[in-house]
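Thanks for coming, everyone. I'll walk through one chain today, a few residues at a time. Please have the sequence and the 3D view open.

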Amino acid sequence: MLRPGQRTTRPKSLGYLMFASRWLQVPLYLGLIVAQAVYVWQFALELWHLIETVLLHSAPVPENAPSSEVVVMLTVLGLIDVVMISNLLIMVIIGGYETFVSRIKLEDHPDEPEWLSHVNANVLKVKLATAIIGISSVHLLQTFIRAQTTSNDKIMWQTIMHLAFVASAIGLAYIDRLLSSSPAEHTRAHSPAGTRPDQYAS
């Protein structure tokens, strides 16, 4: 039987266990780092293929093959696609770890990303949606370049999906704006580090 004012430690210990469970996400972010290395390798292969095809002319060119200008354009778009997906991975790795696992102490570091200082779950969602729109735009542009050899149905569905991504990003940005415009969120965003909004209450 508990005395008056005495608290049981079981709920507190259970809460600490749940809080410590966030470290289970660390292997997931390490796996994304491995995926980042794979994309670097993929980028190197695509770049070498571009040099080999356009500059070295090591492979015979078929009669019905696209012009070298189209080949360069498609390959460069593929390289841009790899870079944008790599940027998306960086945002997920750094932003997700900072938001859901642990703080990354980069104070006064010259290479600290500008967006990392005010990252939260809502900002991360908007940035990810924007990056997905960029990736979708690259794929859609590649499809338009191959329009003569691409079916109209495929072009139509890719355009519809791209517009769906745009609408989703606009919706997320609007929701984030509504949340950030609330008085509590505004006070929390402008409070100095290490302080709470109720510290300013009289």
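**Starting at Q25**

Q25 has a relative accessibility of 27%, so it counts as partly exposed. Before I go on, a caution: this is a predicted model.

Where does Q25 sit? Look at the loop between α1, residues 10-20, and α2, residues 26-56. Now, which residues does Q25 touch, once neighbours within four places in sequence are left aside? F100 and V101. Take V101. Along the chain, Q25 and V101 are 76 residues apart. In space, their C-alpha atoms are separated by 7.3 Å.

Stay in that loop. S21 lies between α1 and α2 as well. S21 is partly exposed, because its relative accessibility is 36% and that class runs between 20% and 50%. V101 comes up again here. S21 and V101 are 80 residues apart along the chain, and 9.1 Å separates their C-alpha atoms.

**Into α2 and α3**

Next, L50. Find it in helix α2. Is L50 buried or exposed? Buried: the relative accessible area of L50 is 13%, and the cut-off for buried is under 20%.

What does L50 contact, again leaving aside neighbours within four places in sequence? The list is L55, V72, T75, V76 and L79. Helix α3 covers residues 68-100. For a distance, use V71. L50 and V71 are 21 residues apart in sequence, and their C-alpha atoms are 8.2 Å apart in space.

Now go to α3 itself and pick V83, which is in that helix. The relative accessible area of V83 is 37%, so V83 is partly exposed. Its C-alpha lies 8.2 Å from that of Y39, with the two positions 44 residues apart along the chain.

**The α4 and α5 pair**

Move along to helix α4, residues 121-145, and helix α5, residues 152-180. How do they pack? The angle is about 160°, and the axes are 9 Å apart. Anything over 145 degrees counts as roughly antiparallel, and α4 and α5 are therefore roughly antiparallel to each other. The crossing of α4 past α5 is left-handed. And the residues in that contact? By class, there are 14 nonpolar, eight polar and two charged.

**The whole chain**

Zoom out. How many helices and strands are there? The chain has six helices and zero strands. From the N terminus, the order reads α-α-α-α-α-α.

The chain has 202 residues, and 22% of them are buried. Now the contacts. Consider those in the chain with a separation of 6 or more: 69% of them come from residues 24 or more positions apart.

**How far to trust it**

Last topic: confidence. Mean pLDDT for the chain is 77, with 73% of residues at 70 or more. Which element scores highest, and which lowest? Helix α2 has the highest mean pLDDT, 88. Helix α6, residues 183-189, has the lowest, at 50. Then look at residues 189-202, where pLDDT is below 50. Beyond near neighbours in sequence, that stretch has six contacts in the model. Where pLDDT is low, predicted coordinates should not be read in detail.

To recap three points. Q25, in the loop between α1 and α2, contacts F100 and V101. L50 is buried. And α4 and α5 pack at about 160°. Over to you.

Methods: Residues numbered from 1 in each chain as written. Predicted model: local features only at pLDDT ≥ 70, side-chain atom pairs only at ≥ 80, totals over all residues. Heavy atoms only, no water. Helix = DSSP H or I, 4+ residues; strand = E, 2+ residues; numbered from the N terminus. Buried < 20%, exposed > 50% of the residue type's maximum accessible area, 1.4 Å probe, protein only. Contact = heavy atoms within 4.5 Å. pLDDT = per-residue confidence, 0-100. Axes fitted to C-alpha atoms, helices over the stretch in contact; angles between N-to-C directions. Parallel < 35°, antiparallel > 145°, perpendicular 65-115°, else oblique. Left-handed = near helix turned anticlockwise from the far one by under 90°. Nonpolar A, V, L, I, M, F, W, Y, C, P; charged D, E, K, R; others polar.
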